[in-house]
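Subject: Structure for you to look at

Hello,

Here is the structure I said I would pass on. Please open it next to this message and follow along.

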Amino acid sequence: MQDDAGGRTVQPKGDAGKQHVSVLLKCLVLYSQWMLLVASMNIDWPSSILYPLQVLGWFWAPANPETIAIDCLLSSSAVVPVAVQRVVFYISMPVVMLAVLLLLEATATACKAGRRRNTA
């Protein structure tokens, strides 16, 4: 992306019809955040609005640290204390997420390359 003389962001000509995933994800996350704010208001919503808000709340529930306690998954009978297991779990999560995201990116790249080969 480049800025033109007026300070506006202009996409290169090759990307004219493309939607970037990051833009779509930003819109989805922003919409979800607004809907969660609306759902948190103490208002008697009609059922046509209440049900989608409940579904969205259920979908985002794992993001709430009070919903899932990692202590339930850790073994208290292990040699390593639960507190140490918890710290190791939280420290290793960014590395695990990076590995998962790299695997997804490699899969997406391989799929795109396969489609290009099939169309050529």
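Below is what was found in it, from the whole chain down to one residue.

Please keep in mind that this is a predicted model. The mean pLDDT of the chain is 77, and 74% of the residues reach 70 or more. Confidence varies between the elements: helix H3, residues 82-119, has the highest mean pLDDT at 87, while strand S1, residues 2-3, has the lowest at 52.

The chain contains 3 helices and 2 strands. Going along the sequence, you will meet them in the order β-β-α-α-α.

How much of the chain is buried? Of its 120 residues, 7% count as buried. The chain exposes about 10500 Å², and 67% of that area comes from carbon and sulfur atoms. As for contacts, take those with a separation of 6 or more: 8% of them join residues that are 24 or more positions apart.

One place on the surface is worth finding in the viewer. Val79, Val80, Val84 and Val88 make a nonpolar surface patch of about 380 Å². Where in the chain is Val79? Val79 lies in the loop between helix H2 (47-60) and H3. Is Val79 buried or exposed? Its relative accessible area is 86%, and exposed means over 50%, so Val79 counts as exposed.

Regards

How values were computed. Residues numbered from 1 in each chain as written. Predicted model: local features only at pLDDT ≥ 70, side-chain atom pairs only at ≥ 80, totals over all residues. Heavy atoms only, no water. Helix = DSSP H or I, 4+ residues; strand = E, 2+ residues; numbered from the N terminus. Buried < 20%, exposed > 50% of the residue type's maximum accessible area, 1.4 Å probe, protein only. Contact = heavy atoms within 4.5 Å. Areas by Shrake-Rupley, 256 points an atom, 1.4 Å probe, with all protein chains shown as cover. pLDDT = per-residue confidence, 0-100. Patch = residues over 30% accessible without salt bridge, like charges linked within 9 Å, V, L, I, M, F, W, Y side chains within 5 Å. Salt bridge = Lys/Arg side-chain N within 4 Å of Asp/Glu carboxyl O.
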